[in-house]
Amino acid sequence: MEQQDDLRSTQSYYDRFSPSYERERHHGYHRLIDELELELVRRYGTGCDILEAGCGTGLLLAEAARVGKSAIGLDLSRGMLTHARGRGLRVVQGSLTTLPLPDASVDLVYSMKVLAHIPPIREAIAEMARVTRPGGHLLLEFYNPRSLRYLAKVIGGAAPVTDGTTDRDVFTRYDTLDHARGYLPPDLEYVAMRGVRVVTPTSRVFDLPVISGLFNRAERMACDLPWVRNFGGFLILVARKRLQ
């Protein structure tokens, strides 16, 4: 019963968020974050069958569909999926803990900015592993407490999302790299990690023309730099499904 209440609360939150979700996603800071995520989607998903677990309005899924053999998105929010369907994307409504796909049906599963909002995290990752073919990959993004982004969240307090709603109205978990790796089931092996938003103190620096270019270059240099990447506000784990 508690898990069902969590799902309804999360669905309601993202339904309220959906009309304004893309307001700033097409430029500056938000576009840089999307691009650093999409680079990995292209690297591991080109020519493959792809699933986006938590596709939202379909911004990333539209890019995945261009490079993949096939691409399908899943999201809990009807409001978000309305926008994704408007893009002509193949999407279904559902939960990450009960994916409506057969075993070993895709080559790449990726989930960005979603896993931090799912309390039963081990069950969700096990489900994503279930639908991945042996030898296929998973891109799993977590929120990092050892980052400037986390510090900004603590200092800045609740951030408005839409009228009467803030980012504190949805469950959010922060995981270190070791904690995140500990969620991987036995049939997944850790491959690599990318840190995203490593040096940016606030997204507002991307509103300044000269400064934004410097931070853009710095973030691209830092995302895969050993040790430095561990301080990314977002940690993207690359995992591989073991061959059987």
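Is asparagine 144 buried or exposed, and what is the relative accessibility behind that label? Let us keep that question in mind while we walk through the structure.

A word about the model comes before the tour. This is a predicted model, in which local features need pLDDT of at least 70 and side-chain atom pairs count only at pLDDT 80 or more, while totals for chains, interfaces and linings use all residues. Residues are numbered from 1 along each chain as its sequence is written, and side-chain values use heavy atoms, with hydrogens and water left out.

Start with the overall picture. The chain has eight helices and nine strands; these are DSSP runs, numbered from the N terminus, with helices being H or I runs of at least four residues and strands E runs of at least two. Of the 244 residues in the chain, 51% are buried. Here buried means under 20% relative accessible area, exposed means over 50%, and partly exposed lies in between, using a 1.4 Å probe and protein chains only. Contacts, meaning heavy atoms within 4.5 Å, often link distant parts of the chain: among those between residues at least 6 apart in sequence, 73% join residues at least 24 apart.

Now look for the sheet. Strands of a sheet pair through backbone hydrogen bonds, either parallel or antiparallel. In this model, seven strands form an open sheet with mixed pairing, in the order S3-S2-S1-S4-S5-S9-S8. Two strands count as paired if DSSP finds at least two bridges between them. Strand S3 (91–93) and strand S8 (188–196) are at the edges with a single partner strand each, so one side of each has no neighbour in the sheet. From one strand to the next, the twist averages 15 degrees. At the S3 edge, strand S2 (residues 70–75) runs parallel to S3 and is joined to S3 by three bridges; aspartate 75 has glutamine 93 of S3 as its bridge partner.

Strand S5 (residues 132–143) is a good place to pause. Nine of its twelve residues are buried, so the rest of the structure largely encloses this strand. On one pairing, S5 runs parallel to strand S4 (residues 106–111), with five bridges between them, and valine 109 is partnered with leucine 138 in S5. On another, S5 pairs with strand S9 (residues 234–241) in the antiparallel sense over seven bridges, where glutamate 141 has isoleucine 236 of S9 as its bridge partner. Together with helix H5 (residues 121–130), S4 and S5 also make a right-handed β-α-β unit; right-handed here means that, with the strands pointing away from the viewer, the path from the first strand over the helix to the second runs clockwise.

Next come the helices that pack on this framework. Helix H2 (residues 28–45) lies across strand S1 (49–53), S4, S5, S8 and S9, running at about 150 degrees to S8. Such angles run from 0 to 180 degrees between N-to-C directions, and axes are lines fitted to C-alpha atoms, for helices over the stretch in contact.

H2 also packs with helix H8 (residues 209–222) at an angle of about 25 degrees, with the axes 11 Å apart. That makes the two helices H2 and H8 roughly parallel, a term for angles under 35 degrees, with over 145 being roughly antiparallel, 65 to 115 roughly perpendicular and the rest oblique. Leu32, Glu35, Leu36 and Glu39 of H2 meet Asn216, Glu219 and Arg220 of H8. Glutamate 35, with 17% relative accessibility, counts as buried; leaving out residues up to four places away in sequence, glutamate 35 touches Arg42 and Arg220.

With helix H3, H2 packs at about 30 degrees, and their axes are 10 Å apart. In H3 (residues 59–67), the buried residues are Leu59, Leu60, Leu61, Ala62, Glu63 and Ala64, and they pack against H2, S1, S2, S3 and S4.

Finally, back to asparagine 144, which sits in the loop between S5 and helix H6 (148–156). At 1% relative accessibility, asparagine 144 counts as buried. Setting aside neighbours within four places in sequence, its contacts include Tyr150, Tyr174, Asp175 and Asn230. The C-alpha atoms of asparagine 144 and asparagine 230 are separated by 8.6 Å, although these residues are 86 residues apart along the chain.
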